[in-house]
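Me: Take a close look at the charged side chains of this model, please. Then work outward from there.

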Amino acid sequence: MAVAAPAAVFTSRDLGPAPEREVARDLLRRGLLALPVALAVGFVGWGLDGVASVAFASALVLANFWIAAAVLGWAARISLGLVMGVALFGFLIRMAVISAAVLLVKDLWWVVPVPLGVTLVVTQLGLLFWET
């Protein structure tokens, strides 16, 4: 039984079709389908400030998925080892950027913490579960 050398696994690359972009496109489509409901809940619970907070959080989550797909697709063309590093460190960097974005706007007049936080968590996890 022949086993690929560990170095070959890390230096091989994926030249086939990029499913990352298809998955991201599907997540964006589903996110945009759910967005009117989330905006309505934000409006009913917190008025226009709730709508703005839900919209901001939704934009962060959808941008996160799109960037993840783009970076993973790029890394797959170079090497599978790079995909592993990009998956781990890319996630950490994207979560830090989302945290920084929330911290930058948290004191603005239109930000309501509850719909912002709930939308970030529910949208991120909900879209991932919906995709699986």
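Reply: Buried means under 20% relative accessible area, exposed over 50%, and partly exposed in between (1.4 Å probe, protein chains only). The model is predicted: local features need pLDDT of at least 70, side-chain atom pairs count only at pLDDT 80 or more, and totals for chains, interfaces and linings use all residues. Residues are numbered from 1 along each chain as its sequence is written, and side-chain values use heavy atoms, with hydrogens and water left out.

Start with Asp 26. At 16% relative accessibility, Asp 26 counts as buried. Asp 26 forms a salt bridge (a side-chain nitrogen of Lys or Arg within 4 Å of a carboxyl oxygen of Asp or Glu) with Arg 29, the closest N and O atoms being 2.6 Å apart. Asp 26 also meets Arg 30, at 3.3 Å from N to O. Asp 26, Arg 29 and Arg 30 are thus linked in a network of salt bridges.

The spacing is helical. Asp 26 and Arg 29 are 3 residues apart in helix 2, about one helical turn. (Helices are DSSP runs of H or I, at least four residues, numbered from the N terminus.) Asp 26 and Arg 30 are 4 residues apart in that helix, again about one turn. Exposure varies: Arg 30 is buried, as is Asp 26, while Arg 29 is partly exposed at 45%.

The model has 3 salt bridges. One of them joins Lys 106 to Asp 107, with the closest N and O atoms 3.2 Å apart. Asp 107 is exposed at 66% relative accessibility. Lys 106 is partly exposed at 43%.

Now a charge without a partner. Arg 94 lies in helix 3. Arg 94 is buried yet has no salt bridge. The nearest side chain of opposite charge (Lys and Arg count as positive, Asp and Glu as negative; His and the chain ends are not counted) is Glu 20, 12 Å away. Arg 94 touches (heavy atoms within 4.5 Å) Asn 64, Ile 67 and Ala 68, leaving aside residues up to four places away in sequence.

Last, helix 4. Its buried residues include Pro 115, Leu 116, Thr 119 and Leu 120. The buried set covers an arc of only 145° around the axis (taken from directions from the helix axis to the C-beta atoms), which puts these residues on the same side of helix 4. Helix 2 and helix 3 are among the parts that cover them. The face turned away carries exposed Pro 113, Val 122 and Phe 129.

How values were computed:
Helices (H or I, at least four residues) and strands (E, at least two) are DSSP runs, numbered from the N terminus.
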